[in-house]
Amino acid sequence: MVALGSPFKEHSPTALRMIRADCERSWHDPDFGRAERDAYHAQTEGTLPQAAGADILVLSCDPGYFNRFGTNFIASHDAAEDASAIHIHLTLPDDPSIQILEKIQNHFGPKKFSFTFSKSEIPRYLKYNGVYLTCARFIHTHKLMTMHQGRCVNIDIDSIVRAPIQSFVNATLQDKDIAYIRRWSRLKTSRKVLASALIQAQSDFGLRFSDALSRCLVQILLKGPQYHIDQTVLYYLTRTAQRSGLKAATMGLELADHHFKATSPVWSAKGRKRKQNLAFLQAAEDADRKFKKILAKSDP
């Protein structure tokens with residue numbers, strides 16, 4: 001199966017009203033979408049993190065993105081000597097990718113690296129697989145949050161870690177429940193939040209947010225949307241939750257910098273054109289060389 005993009009650029013007014021209503025219901029009704037979300041978890045296999053209180057970077061990708069970007073992310077994270085653990089949630093899995101992930105886990109150990117793979121049937125409800133792929137990490141993160149280990153940090157996998165992120169996460173989150181990228185200048189609802197980075201704290205509201213987010217995404221995906229819903233749901237759900245007392249911090253592009261500033265701890269190659277940026281390509285080449293060494297060490 002190939003992840004396809006959607007030709008649409010925004011949801012219809014009717015679709016936006018439906019998404020907003022589902023966000024409201026997900027936040028206020030803990031049973032809304034629970035069975036469907038739990039069914040998603042039941043169709044997930046693999047090893048959950050043993051992070052022992054460390055922050056967990058939760059990433060998701062299909063085999064194509066894993067082989068093109070995921071291995072470089074892993075190698076750059078190791079080179080940056082970041083204290084967080086990595087957890088990869090593989091969608092539309094294939095055996096070769098699972099075998100490589102097993103080698104990586106054997107190399108780093110379960111406290112530093114873990115992975116799961118989803119056999120969910122959600123993609124069969126969709127014309128464009130990409131609509132599901134952008135949501136999978138947020139759905140799966142709920143499972144990790146319920147383990148009550150560290151904070152969960154969602155980052156795009158087509159990224160390069162350039163410096164440790166813990167001090168940034170500490171300074172940004174502080175006593176807040178979540179931290180997200182709010183784009184105040186954007187007018188379209190689907191652009192008001194950038195889903196490239198999301199931090200969720202192990203607080204009562206942080207756990208409630210993760211639970212509601214995962215249930216809402218699954219419910220809407222099962223309705224067969226033809227345009228991405230992750231950013232729209234994050235926007236509406238955050239607004240709803242804040243009215244109930246959720247404390248949300250806003251971030252810049254520090255964990256998703258597609259302008260490639262030297263001071264940013266994470267560079268993210270958002271969009272096809274930016275993936276050809278020379279600085280990003282050089283960083284990716286360095287990471288690729290390091291990953292090949294890591295893979296060689298993991299071979300018997």
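**Figure 1. Close-up of C135 in the predicted model, a buried cysteine.** The structure shown is a predicted model. C135 has a relative accessible area of 0%, and it is classed as buried because this value lies under 20%. The structure holds 0 disulfides. C135, accordingly listed in no disulfide, has as its nearest cysteine sulfur that of C216, 9.5 Å away.

**Figure 2. Close-up of C61 in strand β2.** Strand β2 spans residues 56–61, and C61 lies within this strand. The residue is buried, with a relative accessible area of 5%. With neighbours within four places in sequence set aside, C61 is in contact with F66, I88, H89, L90, T91 and I157. C61 and A136 are separated by 75 residues in sequence, yet their C-alpha atoms are 8.3 Å apart in space.

**Figure 3. Close-up of the sulfur surroundings of C61.** The count of disulfides in the structure is 0. For C61, the nearest cysteine sulfur belongs to C135 and is 15 Å away. C61 is in no disulfide, because a disulfide requires a pair of cysteine sulfur atoms within 2.5 Å.

**Figure 4. Close-up of T116 in strand β4.** T116 is placed in strand β4, which covers residues 113–118. A relative accessible area of 1% makes T116 a buried residue. Beyond neighbours within four places in sequence, the contacts of T116 include T44, E45, G46, T47 and L48. H87, I88, H89, L90 and H140 are also in contact with T116. Among these residues, I88, H89 and L90 are in contact with C61 as well.

Definitions and conventions: Residues are numbered from 1 along each chain as its sequence is written. This is a predicted model: local features need pLDDT of at least 70, side-chain atom pairs count only at pLDDT 80 or more; totals for chains, interfaces and linings use all residues. Side-chain values use heavy atoms; hydrogens and water are left out. Helices (H or I, at least four residues) and strands (E, at least two) are DSSP runs, numbered from the N terminus. Buried means under 20% relative accessible area, exposed over 50%, partly exposed in between (1.4 Å probe, protein chains only). Contact means heavy atoms within 4.5 Å.
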